[in-house]
Amino acid sequence: MTTTVSAYAAPSAAAPLERTTIPRRAVREHDVLIDIKFAGICHSDIHQVRDEWGGAKFPMVPGHEIAGIVTEVGPGVTKYAVGDRVGVGCFVDSCRECENCLAGDEQYCLNGGTGTYNATGRDGEPTYGGYSTHIVVDEHFVLRIPEGVELDAAAPLLCAGITLYSPLKHWNAGPGKKVAIVGMGGLGHMGVKIAAALGAEVTVLSQSLRKQDDAKRFGAEHYHATSDESTFEQLAGTFDLIVNTVSANLDLDAYLALLRVDGTLVNVGAPEHPVSLNVFSLIGGRRSLAGSMIGGIRETQEMLDFCAEHGLGAEIEVISADRINEAYDRVVASDVRYRFVIDTATI
Ligand SMILES: [Zn+2]
Ligand SMILES: [Zn+2]
């Protein structure tokens, strides 16, 4: 009893994405059928479509920044009704019984969560993501998008937003804390907005001064170019928390030196090559080097509610589906301010 819906898929790693059709399962007891309105383009879509992380399954329908409207609910659904504004992020299932799932950290499921796309569901069927007109998801993994944020600007919150919100909350960004965001792309610009709304004093560390005006508009108080060596002398020992959104290999010793005693450098971007550092960079100030990956369902809902309350959405460029391949090239070239969002009515 599957239905066939329109989608954009990559047929293989080397090929451009093209229009196709995919099956969506019939709504089960606890499922919600979502009419997708917008889907964000995340850099990880490109890595996976191009099989740069390995394990790619084709045809692949990317998209894990999904915003839409509920059009049908299963008989056991209690959280959602037809007409509700909802979102889906990076995963659509998990074991729900390991200690991490029980703690609300489904993103760290010990038995392996099910990715929204490029994964195999617990029913053995491939999962397909948001570059499509509809998706069927268990209500536990569906988020409510409050009225305070538009659906198109909300879509990128489901990955980029929570990827920054989770570490900012975990490491207590707030009043009296100095927070630096390294890189101001799709992830970084949300980091600036959220950290500023949490009350922290925000500094952007970016290669050039090109985005300085935008950063100030998003709530940053300071902005420094990392291409200027005096930046590292000037800011030594300054920050309580640095969130690194850049996926290139950075000089970690140089960035760790910007932390105060007990400061933490958190990585949310993943460099292609292993990193190296001088351990004295940690010892010399009881500093920590850490990582963080998206967030659990409960925290993602908290993030959406927080963004709506503070009027925060992503800065977006809405495109039609026939421009996805062009958009991919522009994301790789960092030529987007700050997130592409597909209008799925054009699929
Ligand atoms: Zn993503
Ligand atoms: Zn689990």
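**Strand β10, helix α11 and two domains**

Visitor: What makes you say both faces of β10 are covered?

Guide: K178, A180 and V182 are buried on one side of β10, and V179 and I181 are buried on the other. Keep in mind that this is a predicted model. Side chains in a regular strand alternate between the two faces of the sheet.

Visitor: And what does "buried" take here?

Guide: At least 20 other C-beta atoms within 10 Å of the residue's own, so a residue that reaches that count is called buried. In β10, which spans residues 178–182, five of the five residues pass, so the strand is largely enclosed by the rest of the structure.

Visitor: How do you know that β10 pairs with β11?

Guide: Pairing asks for at least two bridges, so we just look at the bridge count. β10 and β11 (residues 201–206) have five bridges between them and run parallel. A180 faces T203 of β11 across that pairing.

Visitor: What about β13, how many bridges does β10 make with that strand?

Guide: Four, again in parallel, with β13 covering residues 239–244. At least two are needed, so this counts as a pair too. Here I181 sits opposite V243.

Visitor: Why is the unit of β10, α5 and β11 called right-handed or left-handed?

Guide: It's a right-handed β-α-β unit, with α5 at residues 186–197 in the middle. The name applies because, with the strands pointing away from you, the path from the first strand over the helix to the second runs clockwise.

Visitor: Over to α11. What puts its buried residues on the same side?

Guide: The buried residues of α11 (324–332) are I324, A327 and Y328. They cover an arc of only 105° around the axis, which is why they share a side of α11. On the other side, E326 and D329 are exposed; the bar for that is 12 or fewer neighbours, so these two fall under "exposed".

Visitor: What do the buried residues of α11 pack against?

Guide: β1 (3–9), α1 (43–49), β16 (316–319) and β17 (339–343). Just past the helix, S334 has a positive phi of about 55°.

Visitor: How do you know that the two domains touch?

Guide: Contact means C-beta atoms within 7 Å, so we check pairs against that cut-off. 11 residues of domain 1 are in contact with seven of domain 2. By class, domain 1's side has five nonpolar, three polar and three charged residues. Domain 1 is 3–157 + 314–346 and domain 2 is 161–291, with 28 Å between their C-alpha centres.

Note on methods
Residues are numbered from 1 along each chain as its sequence is written. Chains are lettered from A and ligands numbered from 1 in the order in which they are written. This is a predicted model: local features need pLDDT of at least 70, side-chain atom pairs count only at pLDDT 80 or more; totals for chains, interfaces and linings use all residues. The arc is that of the directions from the helix axis to the C-beta atoms. Domain bounds come from an automatic or database domain assignment. Ala, Val, Leu, Ile, Met, Phe, Trp, Tyr, Cys and Pro count as nonpolar, Asp, Glu, Lys and Arg as charged, and the others, Gly among them, as polar.
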